[in-house]
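Here are a few exercises to work through with the model open beside you. Try each task before you read its solution.

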Number of protein chains: 4
Amino acid sequence: MIKVGIVGGTGYTGVELLRLLAVHPNVELKAITSRGDAGLPVAEMFPNLRGRVDLAFEDPAKANLAACDVVFFATPNGIAMQQAPELLAKGVKVIDLAADYRIKDIPTWEQWYGMTHASPDWVGKAVYGLPEINRDAVKKAQLIANPGCYPTAVQLGLLPLIEAGVIDVNSLIADTKSGVSGAGRKAEIPTLFAEASDNFKAYGVPGHRHLPEIRQGLSLAANKDVGLTFVPHLTPLIRGIHATLYARITKEADFQKLFEERYKGETFVDVLPAGKHPETRSVRASNVCRIAVHRPQGGDTLVILSVIDNLVKGAAGQAVQNMNLLFGLDETAGLNIVPVLP
Amino acid sequence: MIKVGIVGGTGYTGVELLRLLAVHPNVELKAITSRGDAGLPVAEMFPNLRGRVDLAFEDPAKANLAACDVVFFATPNGIAMQQAPELLAKGVKVIDLAADYRIKDIPTWEQWYGMTHASPDWVGKAVYGLPEINRDAVKKAQLIANPGCYPTAVQLGLLPLIEAGVIDVNSLIADTKSGVSGAGRKAEIPTLFAEASDNFKAYGVPGHRHLPEIRQGLSLAANKDVGLTFVPHLTPLIRGIHATLYARITKEADFQKLFEERYKGETFVDVLPAGKHPETRSVRASNVCRIAVHRPQGGDTLVILSVIDNLVKGAAGQAVQNMNLLFGLDETAGLNIVPVLP
Amino acid sequence: MIKVGIVGGTGYTGVELLRLLAVHPNVELKAITSRGDAGLPVAEMFPNLRGRVDLAFEDPAKANLAACDVVFFATPNGIAMQQAPELLAKGVKVIDLAADYRIKDIPTWEQWYGMTHASPDWVGKAVYGLPEINRDAVKKAQLIANPGCYPTAVQLGLLPLIEAGVIDVNSLIADTKSGVSGAGRKAEIPTLFAEASDNFKAYGVPGHRHLPEIRQGLSLAANKDVGLTFVPHLTPLIRGIHATLYARITKEADFQKLFEERYKGETFVDVLPAGKHPETRSVRASNVCRIAVHRPQGGDTLVILSVIDNLVKGAAGQAVQNMNLLFGLDETAGLNIVPVLP
Amino acid sequence: MIKVGIVGGTGYTGVELLRLLAVHPNVELKAITSRGDAGLPVAEMFPNLRGRVDLAFEDPAKANLAACDVVFFATPNGIAMQQAPELLAKGVKVIDLAADYRIKDIPTWEQWYGMTHASPDWVGKAVYGLPEINRDAVKKAQLIANPGCYPTAVQLGLLPLIEAGVIDVNSLIADTKSGVSGAGRKAEIPTLFAEASDNFKAYGVPGHRHLPEIRQGLSLAANKDVGLTFVPHLTPLIRGIHATLYARITKEADFQKLFEERYKGETFVDVLPAGKHPETRSVRASNVCRIAVHRPQGGDTLVILSVIDNLVKGAAGQAVQNMNLLFGLDETAGLNIVPVLP
């Protein structure tokens, strides 16, 4: 059994990790920390965990995380970069669900996140945990930078085209829509039910922190800086991301087949038959990304539709997938979930 | 492996059975029928099942259901009473998720359901599949009448009090609220998103078909006819039933303890600590019923709050629980699901 | 033109007052205050008011409220009781949308609201602003205690029966359901979209502040203390209250006719034909209360269904109705709104 | 008073017309027809109209529509083209809310709508009723082709740029999101609450009927055929369209100012200050279109955000605006509605 610790378990990625790990066949939950709620039984905050998780939140200063095999950071940005190095030094593996180790270029990270990086040396050693791109590196890593939700949906949708060199990488467009849980479990007015329900809006159009992360991933595949317009929207779902991706074709190909071959054998990426439209609910509560490839009216613009559950493939599920790889388990262990529909 | 057939798999109880059975460790899905959609791959109608269920819907006239160990009827009322007897005669076990075999009194059934019963002799042999009440009988049954959604939530909430003889059974009130999936996957205007979203209403106040079913169960426990006012409401949830139950105290007792003892050892009934309020989402996608016991201002009225997922404990999950009992499996096999929250 | 001021305009009752008053033919908006947002144009916080309200929030200490003919307090409980007396002394009329002046018995108020009342002498002079009960007193009042949302829906549903002396007032039950805007525009986790959407729960079952207010109104009509069990629930609507009311019949009557006669001539109370069920959306954004009367299976229990928009008839609309009465205007001025459906 | 008739009043554009016209100061509702529901009082189908609309649906064969000054067709596509000519011949003005007269090129219309046009001669005489573009022509028209919902939002967002000649019209992208009422009041499974709630999907990516309508309008302004990729999505709102529009800059300009000047004096188009994001709820139930102009990171791509209420500015409200122009009324008569927020 893998001994697991979670730092910062009171947010949505925390409770989602607990939902998955509570029934993971190879995991023993050892500790979960929260500065503000130390002492509170986890199941009192999250009643879905009654009878499934007996732990109480522990004070981070007192929890014996060093005794764990792996520690997940489900914390706000800026925490893991301070606390992970001590654990890493003791040989503990770390999976950071925040953004601290995702961006390789430190000045870029510092500019977008507005802080000085506390452990820049670890950034270079961190492996970007998108297994469908980086599986071998993930297996050997000690520190995993778990990708953001939008970056997962957008990269899985665009990378096959970029790798194949069939689109113009200077004029990519990612029009993305997220459920409200993507904003986290924070007491804020704009995400109140009475504000976000029956409402739709774009936000962060001038610049969103996931832009440099996506650009880094796509540029790596393109071997050059890509041009990307990234527009996120808030939509009244609890869970789910829908990315609508636009790319100009530069080289003819069988695009449907290109995707099918690229993701053949990938358990968690499902390329829909031609002509279909994926729905966010078709992946609800599961680790699957579903993708459809369209070329409207046979024109020169490809439209790729990519959906994930932002809390699973976009966060906690992908983290568990990475953990499975890190420990040589079946990649699907604990993730054999049929999406919940309706 | 238990060979399983499903009759009428295109509704919400059908797809929910498939979600549960697709990962049930002891089940082999053999056939699923639909008159209208024969030939269509199941996963084309329900994309959450892509890669999980390879069957196509079969014409009910052609499917070899007699080769199954158990057949679930996820059909509209009035189908099982016609088709189940032939299977039963061949020794197949049958679990009917519709109402055909729930009401013991044939005239009462015929009055509320507006049809002549086609196999009244089987009504007497059918076992009402509420395991927390009827576990031993379920184990030995050949034909299970799987309870309705409202009846499950209401009976689990009231029976401990009635069995203990501590309330007035002449003036019971069940104010119940259901998510919209309870109305089924039928093309009808009142359950359109633009009608049912951001809206709340009562319906069926003059009389709802679940009333005689609930009254039968409660009267059996009370050893006399009970008086019950039953008011259902439609609330903008996909899944979930919340029953708010009112009963006048006739005999003092430690009501909290009474419930805790009654359900001690029941995996799927969770009595909350005193003072708590259960939320429908705390059971979402799981087979659990959560119950809270209140006595406002120490008065003479008890308020019992009981929540279930109408598609799981209120339909498909309870059916799987009954199947597990029928075949001597662990009662929780295939039902080890952590509720999905948020 | 009536010169109007609003104290505390940043909540949902504030923006709703502005929506109504911005197009009221007899009103000139003079000032709107907010301690935290002084200087901010109102339309920047509430974009629906762009081009309709040109005011900015003013510091309450600086706003010239004494120059207004009437001041609405759309503040948290405990503010009006401190600030209204100074305005009242200067002859300004005051309509308090909070609870400060609703409960005549000071110790009861202090117990439920957890504060010492700052102007108990004004409590006796305040008129409870439910025009359908108190129209004449409202017309002559200087200080109006605008009723709570639940109390409006429950009292309009039960008072005709109590006034007629046809029900047992010792065992009344009010099972009420509210949209999330009823919780106010406050940054709190339980009312986040990801918490309150697709979820249903009871709350405050041990005791809710609207209980003494309802009890006071009903007891006044009954000429004795009534017994009431009051259970509020949170339902995923933005706006709307649905009260389901249960009463035991003590005297036969034509209950449908009783309601129709009681509310004949009332513009804002609509008694539905027998057998109908009111929907919250049928009153959305309007000042109407719709009521239906049921007697299931001809038994001894009446079920009254009463719906309002909690922000209109349950708050701002009723306040405007009271203002119209206070100033001798047509009671419907500014309230001639067709409910928004779908 | 203008005598008004409505053909086909049982859909969402029908009830929305009634909501607006019931309080329009210059309108007398004379007749509303429905083949299927003749005889039914309108307010029985739409309870929000109780006390506001006393008409019953009439059999279209019997209604005296020729006695009206103007007749609105709120019918499915293909009805107005058959029934309007007879009324037009009698001098009645007609506003068609369906698509029958929107597309000038008959073969294009017949290809996208799959029928033979029944009155192609009237197509040329029809005026496309987008007042912000076509005001003078509208005033003199007898037959108005009221624009589609998506076409309204997209054209108002792109036309200023095209008219100014500052963008590449060969590579326009319109990523649009609609609330579910846009699908109409039809009993269909995909728009059930349990299907469309908590779900997001694209649809019609291979081709949607609003594409040729938008292309026609943009091409007219560009004086050449434009290239447009149009991707509609279904989002869980009742009302609202959000269009996210992407255009490549070909000529530098002060884009914010360009929009402000283009729409100066337009009551129903509101250009937000730079940096803002419009929300669909900020126009809920009103005839306003709100637009924001963004140029992310100062790159060469403009992002225009345009929101409307699909049932008002996208259908019934625009139809009333056109009626006001047709009859020389104040353009805002009956449309002085403050959006409903929250």
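**Exercise 1.** In this predicted model, work out how many residue pairs are in polar contact across the interface of chain D and chain A, and which elements of chain D take part in that interface.

*Solution.* Start with the count: 30 residue pairs are in polar contact across the interface of chain D and chain A, both partners being at pLDDT 80 or more. Next, go through the elements that give two or more residues to chain D's side: strands S7 (172-178), S8 (201-202), S9 (228-234), S10 (241-248) and S13 (301-308), plus helices H8 (193-196) and H9 (210-222). The largest share, four residues, is from S7(D). Finally, sort the residues on that side by type, and you get 20 nonpolar, 14 polar and ten charged.

**Exercise 2.** Find how many salt bridges cross the interface of chain D and chain A, and check one of them.

*Solution.* The rule finds six. Take Arg284(D) and Asp198(A): their closest N and O atoms are 3.4 Å apart. The cut-off is 4 Å, so this pair passes as a salt bridge.

**Exercise 3.** How much area is buried between chain D and chain A, and which residues of chain D lose the most?

*Solution.* The buried area is about 3500 Å², with 54% of it from carbon and sulfur atoms. On chain D's side, look at Asp198(D), Phe200(D) and Gln297(D): these lose the most area to chain A, together 17% of what that side buries.

**Exercise 4.** Work out how chain D and chain A are related.

*Solution.* Lay chain D on chain A: a turn of 180 degrees with a shift of 0.0 Å along the axis does it, at an RMSD of 0.0 Å. The two copies are therefore related as by a two-fold rotation axis. To place that axis, go to Pro236(D), whose C-alpha, at 3.1 Å, comes closest to it among the residues of chain D. Now compare the two sides: 100% of chain D's interface residues are also interface residues in chain A, so the copies meet through the same surface.

**Exercise 5.** Turn to chain A and describe how domain 1 (2-125) meets domain 2 (150-310).

*Solution.* The C-alpha centres of the two domains lie 27 Å apart. Domain 1 puts 15 residues into the contact and domain 2 puts in 13. About 1200 Å² is buried between them, and Tyr12(A), Arg102(A) and Trp112(A) supply 48% of domain 1's part. Then count salt bridges: there are two between the domains. Arg239(A) forms a salt bridge with Glu16(A), at 2.7 Å between the closest N and O atoms.

Terms used
Residues numbered from 1 in each chain as written. Chains lettered and ligands numbered in written order. Predicted model: local features only at pLDDT ≥ 70, side-chain atom pairs only at ≥ 80, totals over all residues. Heavy atoms only, no water. Buried area = accessible area lost by both parts, 1.4 Å probe. Salt bridge = Lys/Arg side-chain N within 4 Å of Asp/Glu carboxyl O. Polar contact = N/O pair within 3.5 Å; in protein donor to acceptor, adjacent residues only side chain to side chain. Nonpolar A, V, L, I, M, F, W, Y, C, P; charged D, E, K, R; others polar. Least-squares fit on C-alpha atoms with pLDDT ≥ 70 in both. Contact = heavy atoms within 4.5 Å. Domains from an automatic or database assignment.
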